[in-house]
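Visitor: I am new to this structure and would like a close look at a single part of it, namely the salt bridges. Please set them in the context of the whole protein before going through them one by one.

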Amino acid sequence: MLVLAVGIVLVSSLGKDFLLQQTERRVLNQQGELAVEPPVVGLQRTTEAEGNSADTMGIDKKLTVEQAREALDSWMNRKYEMIHDPVEGQLSMEEAAKSAIDWLTVMENELQLEKREKSIYSVSAILYVGVQEQNRKEQYQAYHSFWTVQLVGKDLTATLLLNAVSGEVWKAEVALPIRNMEDHLLHLLYTFAELTGLWEEEEKEEILLAKDCAIIRGTHGAVARLQCTGLQQAGVSLFEYEEILENIDVMEYMKMQYSIEFEEE
């Protein structure tokens with residue numbers, strides 16, 4: 001009887017271990033997908049008129065002043081930034097990079113610089129949405145997101161903030177080897193304001209101009225600003241036994257900071 005009892009206990013123990021191993025193997029071999037809800041909701045496709053087919057459906061990427069105000073307010077009051085993939089209606093990384101290069105080309109042309117070789121840039125781009133609340137459950141609108149695009153060329157660096165839906169540049173920091181910006185400030189600011197998509201030609205504007213800064217106030221509460229922060233030294237030096245032998249490619253850079261914001265109502 002004792003031998004029988006020991007045998008029963010042993011078989012029961014081995015059988016239990018075998019069943020556990022089989023269950024573990026089955027669970028580990030299961031395949032599936034984990035669905036994570038994106039922090040941003042995509043735009044809905046609409047038709048311009050009734051009767052349009054699905055092939056003609058599109059997305060209106062032109063933002064209203066109210067949407068632009070809401071997007072900037074959300075971004076400026078963020079607690080932290082969350083990286084995410086583009087959703088329906090937002091620019092892809094390639095589109096964001098192209099929009100940034102196109103914007104920079106227009107602004108360079110406005111400076112009327114001497115003819116230069118076509119710039120080749122190193123480009124990096126990240127899509128962010130600004131998060132205000134740690135435990136927010138509601139999704140943000142697609143136009144709340146911004147692409148941050150950094151361009152580095154032979155003699156130029158730029159960091160641009162593009163709205164992820166409209167592709168318009170609303171903030172930028174550009175460093176160029178140029179001096180005496182006073183004659184260009186207002187012209188550049190007008191161009192920047194026009195490219196934001198928030199300025200209408202017929203709107204009356206109040207212009208404030210200082211030596212190194214220009215501001216345009218529009219009738220709808222938007223403010224366009226261009227600030228020149230001065231010269232920066234950049235270059236390469238040859239050293240030998242802690243002594244400078246020669247400075248190479250020392251240049252003076254002007255840093256220009258563009259921004260669009262809304263005054264409180």
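Guide: The protein exposes about 17,700 Å², and carbon and sulfur atoms supply 51% of that area. This is a predicted model, and its pLDDT averages 77 over the protein, with 65% of the residues scoring at least 70. Of the 265 residues in the protein, buried ones make up 34%. The secondary structure comes to four helices and 11 strands, and among contacts between residues at least 6 apart in sequence, 64% join residues at least 24 apart.

Against that background come the salt bridges, of which the structure holds five; three of them are described here, each with its place in the chain.

One of them joins the side chains of lysine 98 and aspartate 102, with a distance of 2.8 Å from N to O. Both residues belong to helix α3, which covers residues 93-110, and they stand four residues apart, about one turn of the helix. Lysine 98 has a relative accessible area of 52% and is therefore exposed, since the cut-off for that word is over 50%. Aspartate 102, at 38% relative accessibility, counts as partly exposed.

Another salt bridge is formed by arginine 217 and glutamate 263, whose closest N and O atoms are 2.6 Å apart. Arginine 217 lies in strand β9 (residues 213-218), whereas glutamate 263 lies in the segment after β11 (243-262), so this pair ties together parts that are 46 residues apart in sequence. Arginine 217 counts as partly exposed at 27% relative accessibility, and glutamate 263 is also partly exposed, with a relative accessible area of 35%.

A further pair consists of glutamate 261 and arginine 225, whose side chains meet in a salt bridge of 3.3 Å, taken from N to O. This pair, too, links distant parts of the chain, for glutamate 261 is in strand β11 and arginine 225 is in strand β10 (residues 222-240), with their positions 36 residues apart in the numbering. Glutamate 261 has a relative accessibility of 31% and counts as partly exposed, and arginine 225, at 26%, counts as partly exposed as well.

The surface also has a nonpolar side to consider. Tyr190, Ile207 and Leu209 make a nonpolar surface patch of about 270 Å². Tyrosine 190 lies in helix α4, which runs over residues 185-195, and at 34% relative accessibility tyrosine 190 counts as partly exposed.

A word of care about confidence belongs with this picture. Among the elements of the protein, strand β5 (residues 145-152) has the highest mean pLDDT, 96, and helix α1 (residues 2-29) has the lowest, 56. Over residues 3-7 the pLDDT is below 50, and beyond near neighbours in sequence this stretch has zero contacts in the model. Over residues 49-57 the pLDDT is likewise below 50, and there the stretch has four contacts beyond near neighbours in sequence. Where pLDDT is low, the predicted coordinates should not be read in detail.

Notes
Residues are numbered from 1 along each chain as its sequence is written. This is a predicted model: local features need pLDDT of at least 70, side-chain atom pairs count only at pLDDT 80 or more; totals for chains, interfaces and linings use all residues. Side-chain values use heavy atoms; hydrogens and water are left out. Patches are made of residues with over 30% relative accessible area and no salt bridge: like charges are joined within 9 Å, nonpolar side chains (Val, Leu, Ile, Met, Phe, Trp, Tyr) within 5 Å. Accessible areas come from the Shrake-Rupley method with a 1.4 Å probe; for residues, only the protein chains shown count as cover. A salt bridge is a side-chain nitrogen of Lys or Arg within 4 Å of a carboxyl oxygen of Asp or Glu. Helices (H or I, at least four residues) and strands (E, at least two) are DSSP runs, numbered from the N terminus. Buried means under 20% relative accessible area, exposed over 50%, partly exposed in between (1.4 Å probe, protein chains only). Contact means heavy atoms within 4.5 Å. pLDDT is the predictor's confidence in each residue, from 0 to 100.
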